[in-house]
Amino acid sequence: MSKNKGFSETSAGRYSLALYELALESEVLNEVEEHSSSIINLIKESEDFKSLIKDPTNTIKNQINAINIITKQYKINELLTKFLNFLASKRRFLYVETILKNFIETCSKKRGELKAELTSAKELTETEIMNIKEELTKNFGLKIKLNYKNDQSLIGGLIVQVGSTMVDTSIKSKLQQIENKMIEA
């Protein structure tokens, strides 16, 4: 594997840590974290914004103008707006989603939270999700930040991943195991 991969996870980590430290020092950490999530959601939902980020033919000036219009419209924190402009000016805006996700993860780690993924075959109620979250918090002894999604392709059951620990009770997984055993025989 090449040592020089261009813009690496390490670089994203440095930018996100710098944003974390600036937001902490300015006492706007919660607001910047919340607004970072909004920017990530905007990237997912808006093809125009995604194009602005991904298209290398966009000039720095166009990116900065668009950033300023968007941040003004959505009332994004001034520190985060300056940070986004900085990324654009350094031609690093292409990596904004990775940097902001890394920033949110850093905030979560600093609060002592453990990230967990929950996937279920049937749609779970808020109460069921909260019960699972509380049980995981008890079992792991840390506050859990739970991301939930519904995936009907699992047929039945759950998949829970906390850090590197994964529990897969889905019927899809069990059928896959049976299929693998049949192929081996």
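What covers the buried residues of α6? The elements that do so include α1, α2, α3, α5, β1 (113-120) and β2. These views come from a predicted model, where local features need pLDDT of at least 70 and side-chain atom pairs count only at pLDDT 80 or more, while totals for chains, interfaces and linings use all residues. Residues are numbered from 1 along each chain as its sequence is written, and side-chain values use heavy atoms, with hydrogens and water left out.

**View 1. Helix α6 and what is buried in it.** Helices and strands here are DSSP runs (H or I, at least four residues, for helices; E, at least two, for strands), numbered from the N terminus. The buried list for α6 reads V96, E97, I99, L100, N102, F103, I104, T106, C107 and S108. Buried means under 20% relative accessible area, exposed means over 50%, and partly exposed is in between (1.4 Å probe, protein chains only). The 15 residues of α6 should span 21 Å at 1.5 Å a residue, and the end C-alpha atoms are indeed 21 Å apart, so the two agree; the expected span is 1.5 Å times one less than the number of residues. Just past the end of α6 sits G112, with a positive phi of about 80 degrees.

**View 2. S108 in α6.** At 5% relative accessibility, S108 falls in the buried class. Skip its neighbours within four places in sequence, and S108 is in contact with E113 and K145. Contact means heavy atoms within 4.5 Å.

**View 3. Y20 in helix α1.** Y20 has a relative accessible area of 8%, so this residue is buried. Not counting residues up to four places away in sequence, Y20 touches L29, F103, T106, C107 and K110. For scale, pick K50, which is 30 residues from Y20 along the chain: their C-alpha atoms are separated by 24 Å.

**View 4. α5 packing on α6.** The axes of these two helices are 11 Å apart, and the packing angle is about 140 degrees. That makes α5 oblique to α6; angles under 35 degrees count as roughly parallel, over 145 as roughly antiparallel, 65 to 115 as roughly perpendicular, and the rest as oblique. Axes are lines fitted to C-alpha atoms, for helices over the stretch in contact, and angles run from 0 to 180 degrees between N-to-C directions. On the α5 side, L80, F83, L84 and L87 meet V96, I99 and L100 of α6. Sort that contact by class and you get seven nonpolar residues, no polar ones and no charged ones. Ala, Val, Leu, Ile, Met, Phe, Trp, Tyr, Cys and Pro count as nonpolar, Asp, Glu, Lys and Arg as charged, and the others, Gly among them, as polar.

**View 5. Helix α2 and its crossing with α3.** In α2 (residues 29-45), 17 residues should span 24 Å at 1.5 Å a residue, which agrees with end C-alpha atoms 24 Å apart. L29, V32, E33, H35, S36, I39, I40, L42 and I43 of α2 are buried, and their cover includes α1 (9-25), α3, α4, α5 (78-89), α6 (96-110) and β2 (143-150). The axes of α2 and α3 come within 6 Å and cross at roughly 100 degrees, which makes α2 roughly perpendicular to α3. I39, L42, I43, K44 and E45 of α2 make this contact with E47, F49, K50 and I53 of α3. By class, the α2 and α3 contact has five nonpolar, no polar and four charged residues.

**View 6. α3 against α4.** Helix α3 (residues 47-54) packs on helix α4 (residues 60-73) at an angle of about 145 degrees, with axes 10 Å apart. F49, L52 and I53 in α3 meet N62, Q63, A66 and I70 in α4. This contact of α3 with α4 splits into five nonpolar, two polar and no charged residues.

**View 7. Positive phi values in the backbone.** Most residues other than glycine have a negative phi. R91 is not a glycine, yet its phi is positive, near 60 degrees; R91 lies in the loop between α5 and α6 and is partly exposed at 38% relative accessibility. I155, also not a glycine, has a positive phi of about 70 degrees. I155 is in the loop between β2 and β3 (158-162) and is exposed, with a relative accessible area of 55%. G141, just after α7, takes a positive phi of about 70 degrees.
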